Amino acid sequence: MKETLLKAFGEVYGDTEGAKVFFAPGRVNLIGEHTDYNGGHVFPCALTIGTYGVARVRKDKKLRFYSMNFGHLGVIESGLDDLKPAKEAGWTNYPKGVMWAFKEKGYQIPFGLDILLNGNIPNGSGLSSSASVEVLTGYVLKEFFGFEVSNQDLALIGQFSENNFNGVNCGIMDQFAIAMGKKDHAIFLDTADLSYTYAPVKLEGMKLVIASSNKKRGLGDSKYNERRDECEMALAELQKVVDINGLGDLTQEQFEANKSAIKDIVRAKRAKHAVYENQRTIKAVKALEENDIAQFGQLMNESHISLRDDYEVTGAELDTLVEEAWKIDGVVGSRMTGAGFGGCTVSLVKDEAIDTFISKVGEAYRRKIGYKADFYVVEVGDGPRTL
Ligand code: ADP
Ligand code: MG
């Protein structure tokens, strides 16, 4: 892989002098969906698939970018003195955003870079290729310029840039899961205060299978912001009767006792999801620690039902993938993952059922939805690194 990437870099930029190869993973959230901006818990893990990058420092302030995933765009040039979001800059707005964010935080980037990317995660599917590019960029800057930033700082800088440079109102989960990734572990993260623990994901005789619906969603989706607004309003209503900072502070019992404060039935459903999903996430981590994988799978299924019926962020594509998965023997659990409205599902599937899973779910999906889904059998991997 490293040799192939260096060769590609040489072909694009003329030679490979000073070039180093880096990797940042993608991520999948196992459970705890739409809880991150509600002060609740999430439980994501980094994957062995992600974004490879080759980079070298230049002697001037020029920036040159090339992505093998967007090869038709060729080399895109800009400069360190020109770090402003621009439509025509396309995907380079992600790495440029991170450079901008470092500058905003007081770090001086002394020289420009030549960068080549090659990702093997699907873009725009909810496996956070954007956060992968951001964390990769931050890691590259740290490695070349000696910035004293922790991996957690890389996550915060990535989020800051995605929020403020790219205008995507994302929570901290994606960048955190990627920057803090650990092989065979998922991260139990409290988004209210960024406290976290690692929980071992020992999948004996089974694997994680990602199904990509190939229905594109943009996080800029008005629906995503609508859910955030609904939860914010529900929280304000609840705060009149209980002393909480976020929906994640409530137990199910406290929610049931106080929910009449929410004056709108739809808003109450949204808040119910945020509260119950957070509690499910806490239970799911416990189940995993006790090696009760069946219970973990059951909680994944319940998570999907709540996202489908109360939070209403699934849609025909994700529902088809999950409901077809549930029919198959050997599927321990299956749910949508990511923001929803398209994107991916994540399923825990016993080894002997994986082929059947891919063919049966794939076939039903094509029949019902009209185009194909893609499947990825993935493993839980480490965070950003130099190769
Ligand atoms: P997701 O993060 O769920 O994959 P987003 O829409 O947030 O979806 O991010 C996808 C965007 O990130 C792409 O359209 C592109 O701009 C950028 N991106 C991701 N991976 C790469 C890559 N390998 N090369 C260049 N740009 C990339
Ligand atoms: Mg993204």
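## Working through the model, exercise by exercise

According to the UniProt annotation "active site" in an unreviewed entry, Asp-174 is the residue covered; UniProt positions follow the numbering used here, feature names are shortened, and annotations may be inferred rather than shown by experiment. This is a predicted model, in which local features need pLDDT of at least 70, side-chain atom pairs count only at pLDDT 80 or more, and totals for chains, interfaces and linings use all residues. Residues are numbered from 1 along each chain as its sequence is written, while chains are lettered from A and ligands numbered from 1 in the order in which they are written.

### Exercise 1
Task: find the helix that holds Asp-174, and decide whether Asp-174 is buried or exposed.

Solution.
- Start with the element: Asp-174 sits in helix α5, residues 173-179. Helices (H or I, at least four residues) and strands (E, at least two) are DSSP runs, numbered from the N terminus.
- Next, count the surroundings: Asp-174 is buried because 31 other C-beta atoms lie within 10 Å. The cut-offs are 20 or more for buried, 12 or fewer for exposed, and partly exposed in between, with C-beta atoms placed from the backbone.
- Then list the contacts: leaving out residues up to four places away in sequence, Asp-174 touches Arg-27, Ser-128 and Ala-131. Contact is defined as C-beta atoms, placed from the backbone, within 7 Å.

### Exercise 2
Task: work out the strand order of the open sheet of 4 strands, and say which strands stand at the edges.

Solution.
- The order reads β10-β11-β9-β12, with antiparallel pairing; two strands pair if DSSP finds at least two bridges between them.
- β10 (331-337) and β12 (374-378) are at the edges; each has a single partner strand, so one side of each lacks a neighbour in the sheet.
- Neighbouring strands of this sheet are turned by 20° against each other on average, direction ignored.
- Look inside the sheet: 7 bridges link β9 (residues 206-212) with β11 (residues 344-350) in the antiparallel sense. Opposite Val-209 you will find Ser-347 in β11.
- Now add the helices. α9 (residues 293-309) packs on the sheet by touching β10 and β11, and its direction makes about 35° with that of β10. α11 (residues 354-369) packs on the sheet too, touching β9, β10, β11 and β12, at about 20° to the direction of β9. These axes are lines fitted to C-alpha atoms, for helices over the stretch in contact, and angles run from 0 to 180 degrees between N-to-C directions.

### Exercise 3
Task: describe how β4 pairs with β5 and with β6, then place Met-68.

Solution.
- β4 and β5 run antiparallel, joined by 4 bridges, and Arg-64 has Glu-77 as its bridge partner in β5.
- β4 and β6 are parallel, paired over 5 bridges, with Phe-65 opposite Ile-115 in β6.
- Met-68 lies in the loop between β4 (62-67) and β5 (76-79). Met-68 is partly exposed, with 15 other C-beta atoms within 10 Å.

### Exercise 4
Task: which residues are closest to ligand 1, and which classes make up its shell?

Solution.
- Of the 19 residues around ligand 1, the closest are Ser-67, Trp-91, Gly-119, Ser-129 and Ser-130; a residue is near if its C-beta atom, placed from the backbone, lies within 6 Å.
- β6 (113-119) and α3 (129-145) are the elements giving two or more residues to this shell, and α3 provides the largest share, 3 residues.
- The shell has 7 nonpolar, 12 polar and no charged residues. Here Ala, Val, Leu, Ile, Met, Phe, Trp, Tyr, Cys and Pro count as nonpolar, Asp, Glu, Lys and Arg as charged, and the others, Gly among them, as polar.

Definitions and conventions: Contact = placed C-beta atoms within 7 Å.
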